[in-house]
Amino acid sequence: MALSSEQVVDVLRAAGESTRLRILALLAAEELSVLELCRILDQSQPRVSRHLKLLAEAGLVERFPDGAWVFYRLAGTFGGGAVVASALALIQADDAVIRGDAGQLAAVRTERSAGAQAYFARNAARWNEIRSLYVDEKEVEAAILRATGEGPFDELVDLGAGAGRMLTLLGGRAVNALGLDLSQQMLNIARDEVAKAGLTACELRHGDIFDTGLPGGCADLVTVHQVLHYLGDPAAAVEEAARLVAPGGLLLIADFAPHDHEFLREAHQHRRLGFADDEILPWIEAAGLVPETNIALPPTTAEGLTVKIWTARRIGAALAERTAA
C-alpha cells in the first residue's frame, strides 16, 4: 500500500526520535509489554507510553490489551511498516545502543524462560491435574478427535508436547509421531506416558517451538495444544507450526478464549490471557493455511475457562482440484 507524501512525513516524524527508533527495533524482534519495554529502555512508564502512543497514532505499532497488561507489536509490512523496515535495515549491526537493548531483551527473555521452566519443573508431575482445574479435558479431547478426523496420519508433530497428552490421544492414528518440548521434566513424563500407551513409533525430543529445525511440509498433522498462552511471540509460533504442515495436511491449535483470570500470570506463568478469533485467524491465514474448524467449549464452572479449538489446512494441488470440482 503506497502512502501519500504527507503520510510518509508523518511516519518519518514518528520514527525519527532515538527512543522511538529503539522501541521499533525491539518490537521487530517480538511483541513486548509496556513494563518490559520500560525495563529494557530504563525509562519511566509514562515516558515510554507517550512514545508508544505516537507510534500507534502513526500506524507503526499495534496496541492490544491483555487483561491488566498491554502489549505492543509492529504493524504490518505494508505502508508505514515498510518504511520502518527500511529504516531499521540502515542501522549498523554493531550499533552500541541497539546492541545494548538487544542484551537487555535477552535478559528479559532469560528471566521469562527461567520462570516458566521453574514452574514446569515444580508442576510437571501434576500437569494434567492443573489443566483439569480450568476445563473439562474429556470434552476438549473428544472435540479434538472430531476436528482431526480418523486419519491415518503419516507424520504427527506435537509442538510443546508437555506431558504427552496429544501424543497419547492422537498417536494411535499416526504412523510416526514426534513431540517437542523445552522442558526435560515434561519430556520425561511424556516418555513415560507414551510408553504406557504402547506407542512405539513415537519420539520425544528437546526442541524449540520457534525454531524446530524440522523440514517444511514434513507433517500431515501438527498440534499446538495449550501452549500459545505461555509464549512471548505466539504469532511466530503459529507461523513455524504452519510451516511444518504438508500440502493437504492439518494444523490444530487449542488454547483459551480471552478471559480475566489475572492470577494465572503469577501463579501459572501464563503470559497471555487467551486469544480471540480476530487474532488467531489472521495468523493462520498469513501462514498460507485455510481455516476449517472453529470450536468454542464453554466452562462447566463459574471459575472455568472457555477453550477454543481452531484447525486449518494447507491446500495441496490434488486437494485444490477436488475442492474446485
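1. Overall dimensions. For a chain of 325 residues, a compact globule would be expected to have a radius of gyration near 20 Å, and the protein chain in this predicted model has 21 Å, which agrees with that expectation. Along its principal axes, the C-alpha trace of the protein chain spans about 60 × 50 × 40 Å.

2. Confidence of the prediction. The protein chain has an average pLDDT of 87, and 91% of the residues score at least 70. The stretch to treat with caution is residues 318–325, where pLDDT stays under 50 and for which the model has four contacts beyond four places in sequence. Where pLDDT is low, the predicted coordinates should not be read in detail.

3. Elements and contacts. The protein chain holds 14 helices and 10 strands. Among the contacts in the protein chain with a separation of 6 or more, 67% are between residues 24 or more positions apart. Of the 325 residues, 47% count as buried.

4. Surface and charge. The accessible surface of the protein chain comes to about 15200 Å², and 54% of this surface belongs to carbon and sulfur atoms. The protein chain carries 30 positive and 44 negative charges, and the mean positions of these two sets are 2 Å apart.

5. Helix H11 and what covers it. A reader new to the structure may wish to look at helix H11 (234–243), in which the buried residues are Pro-234, Ala-237, Val-238, Glu-240, Ala-241 and Ala-242. The cover over these buried residues includes S4, S7, strand S8 (245–256) and H13.

6. Thr-212, with contacts in H11. Thr-212 lies in the loop between strand S6 (202–206) and strand S7 (219–225), and it counts as buried because its relative accessibility is 11%, where buried means under 20%. Leaving aside residues up to four places away in sequence, Thr-212 touches Leu-159, Leu-180, Glu-240, Arg-243 and Leu-244. One of these residues, Glu-240, is itself among the buried residues of H11. Thr-212 and Leu-244 are 32 residues apart in sequence, while their C-alpha atoms are 9.1 Å apart in space.

7. Gln-226, between S7 and H11. The loop that joins S7 to helix H11 contains Gln-226, a residue other than glycine whose phi has a positive value, near 55 degrees. With a relative accessibility of 7%, Gln-226 counts as buried.

8. Gln-269, another positive phi. Phi of Gln-269 is near 60 degrees, which is again a positive value in a residue other than glycine. This residue is found in the loop between helix H12 (263–268) and helix H13 (277–286), and H13 is one of the elements that cover the buried residues of H11. Is Gln-269 buried or exposed? Gln-269 is partly exposed, because its relative accessible area of 24% falls between the limits of 20% for buried and 50% for exposed.

9. A cis peptide bond. The peptide bond that runs from Gly-151 to Pro-152 is cis, with omega near 0 degrees. Pro-152 is found in the loop between helix H8 (137–148) and strand S4 (153–159), and S4 is also listed among the elements that cover the buried residues of H11.

10. Two exposed helix residues. Ser-18 has its place in helix H2 (residues 18–27), and, at 52% relative accessibility, Ser-18 counts as exposed. Ser-18 and Ile-91 are 73 residues apart in sequence, and the distance between their C-alpha atoms is 12 Å. Glu-57 lies in helix H4 (residues 45–57), and this residue counts as exposed as well, with a relative accessibility of 56%. From C-alpha to C-alpha, Glu-57 and Asp-10 are 9.5 Å apart in space, although 47 residues separate their positions in sequence.

Key:
Residues are numbered from 1 along each chain as its sequence is written. This is a predicted model: local features need pLDDT of at least 70, side-chain atom pairs count only at pLDDT 80 or more; totals for chains, interfaces and linings use all residues. Side-chain values use heavy atoms; hydrogens and water are left out. Helices (H or I, at least four residues) and strands (E, at least two) are DSSP runs, numbered from the N terminus. The radius of gyration is taken over C-alpha atoms; the globule rule is 2.2 Å times the number of residues to the power 0.38. Buried means under 20% relative accessible area, exposed over 50%, partly exposed in between (1.4 Å probe, protein chains only). Contact means heavy atoms within 4.5 Å. Accessible areas come from the Shrake-Rupley method with a 1.4 Å probe; for residues, only the protein chains shown count as cover. Lys and Arg count as positive and Asp and Glu as negative; His and the chain ends are not counted. The place of a charge is taken as NZ of Lys, CZ of Arg, CG of Asp or CD of Glu. pLDDT is the predictor's confidence in each residue, from 0 to 100.
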